[in-house]
Amino acid sequence: MDLRKYLIKNYQTAGPFEGVNYIENRLLKNHYLVVIDNDNKYYGILSATDIIERPHKLVIDCITKKESLYLSDSYSIIISKFYSSNSAALPVMKESDFLGVIEKNQIIKELENSINDLYNKSLISQKAKKYFLNNLSHEIRTPLNGILGFLEIINQINEDEFINKGENAAEIVKKSAGKFLQTMNDLIELSLINAGDNVRIDKANVDIVKLLSDLKRDYPPFIIKAQL
């Protein structure tokens, strides 16, 4: 993940040699202060806990060492560092250079959004799988009926009739076999999805007029019922 998009640059600061009494109200209001001097040298993150545990007079004496985040850190590493540091914000470093800070609440909110997105996608996937499985019997029977039925027609007609009727029947058999093969491929892809493997999605142009004509020819009972 790229931490740059979470960086907060308009953070509240305190000078390393400021007196603790002068920064207490700012610290309580903002939950943390970035300790930095006039030359933009970074010293650390100051939290309310630091003041309670180390009640010294100068800010620099109250700072406790906290984790630093790096651009290559993953979500799990970032969350782990936040909880081990018990800090409202942590610095983001690039080698020894200070880039800015990230607040814990922002990361938790982003993580919650990611979880919600994954949950919603899983619901969509489950509904699609349920719909496919509920219709699987029909999806298999229809092309098989097309294959067996028209093969029987072809077997019963003579050579002269085949010239007039057989070619069309053979074409339906071929398309029914293709439909059956596609259903089997869908089942294989569904098993790959369940196993966590990636499935390649191919995009292709579709002749919608031809597609509707084929549907009308292959599924006339359903079209008649829908029109009624």
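The following conversation asks how several descriptions of this predicted model are justified.

Colleague: What makes Glu18 and Arg26 a salt bridge?

Modeller: The closest N and O atoms of Glu18 and Arg26 are 2.9 Å apart, and the criterion asks for a side-chain nitrogen of Lys or Arg within 4 Å of a carboxyl oxygen of Asp or Glu, so the pair qualifies. A search of the whole structure finds three such salt bridges.

Colleague: Are Glu18 and Arg26 buried or exposed, or what else should they be called?

Modeller: Buried requires under 20% relative accessible area and exposed requires over 50%; Glu18 has 27% relative accessibility and Arg26 has 28%, so each of the two is called partly exposed.

Colleague: Why is the contact between Lys66 and Asp50 called a salt bridge, and what parts of the chain does the pair link?

Modeller: The N to O distance between the side chains of Lys66 and Asp50 is 2.7 Å, and because the limit is 4 Å, the pair counts as a salt bridge. This pair links distant parts of the chain, with Lys66 in the loop between α3 (59-62) and β4 (69-70) and Asp50 in helix α2 (residues 48-53), the two being 16 residues apart.

Colleague: How do you know whether Lys66 and Asp50 are buried or exposed?

Modeller: The relative accessibility of Lys66 is 14% and that of Asp50 is 2%; since buried means under 20%, both Lys66 and Asp50 are classed as buried.

Colleague: What can be said in the same terms about Lys81 and Asp73?

Modeller: Lys81 and Asp73 have their closest N and O atoms 2.9 Å apart, and they form a salt bridge. Lys81, at 13% relative accessibility, counts as buried, and Asp73, at 7%, counts as buried too, because the threshold is under 20%.

Colleague: What makes β1 and β3 edge strands?

Modeller: Three strands form an open sheet in the order β1-β2-β3, with mixed pairing. β1 (13-14) and β3 (42-47) each have a single partner strand, so one side of each is left without a neighbour in the sheet.

Colleague: How do you know that β1 is paired with β2, and why is the pairing of the sheet called mixed?

Modeller: Two strands pair if there are at least two bridges between them, and two bridges join β1 to strand β2 (residues 32-36), so the requirement is met. These two strands run parallel, whereas β2 and β3, joined by five bridges, run antiparallel; the sheet is described as mixed. As examples of the bridges, Ala14 has Val35 as its partner in β2, and Ile36 has Tyr42 as its partner in β3.

Colleague: Which helix packs on this sheet, and which strands does it touch?

Modeller: Helix α1 (residues 20-30) packs on the sheet and touches β1, β2 and β3, its direction making about 125° with that of β2.

Colleague: What makes the phi values of His31 and Asn40 worth pointing out?

Modeller: Most residues other than glycine have a negative phi. His31, however, has a positive phi near 70°, and Asn40 has a positive phi near 60°. His31 lies in the loop between α1 and β2, while Asn40 belongs to the hairpin of β2 and β3, which has five residues between the strands.

Colleague: Why are His31 and Asn40 called exposed?

Modeller: Exposed means over 50% relative accessible area; His31 has 53% and Asn40 has 60%, so both residues are classed as exposed.

Colleague: Which residues make up the largest nonpolar core, and which element gives the most to it?

Modeller: The largest nonpolar core has twelve residues, including Leu3, Tyr6, Phe82 and Ile107. Both α4 (75-85) and β5 (89-94) supply at least two residues of this core, and α4 gives the most, with three residues. Another core, of eleven residues, lies apart from it, with Ile23, Leu33, Ile51 and Val59 among them.

Colleague: How many helices and strands does the chain have, and what part of its residues is buried?

Modeller: The chain has nine helices and six strands, and buried residues make up 28% of its 228 residues.

Note on methods:
Residues are numbered from 1 along each chain as its sequence is written. This is a predicted model: local features need pLDDT of at least 70, side-chain atom pairs count only at pLDDT 80 or more; totals for chains, interfaces and linings use all residues. Side-chain values use heavy atoms; hydrogens and water are left out. Buried means under 20% relative accessible area, exposed over 50%, partly exposed in between (1.4 Å probe, protein chains only). Helices (H or I, at least four residues) and strands (E, at least two) are DSSP runs, numbered from the N terminus. Contact means heavy atoms within 4.5 Å. Axes are lines fitted to C-alpha atoms, for helices over the stretch in contact, and angles run from 0 to 180 degrees between N-to-C directions. A nonpolar core is a set of buried Ala, Val, Leu, Ile, Met, Phe, Trp, Tyr and Cys residues joined through side-chain atoms within 4.5 Å.
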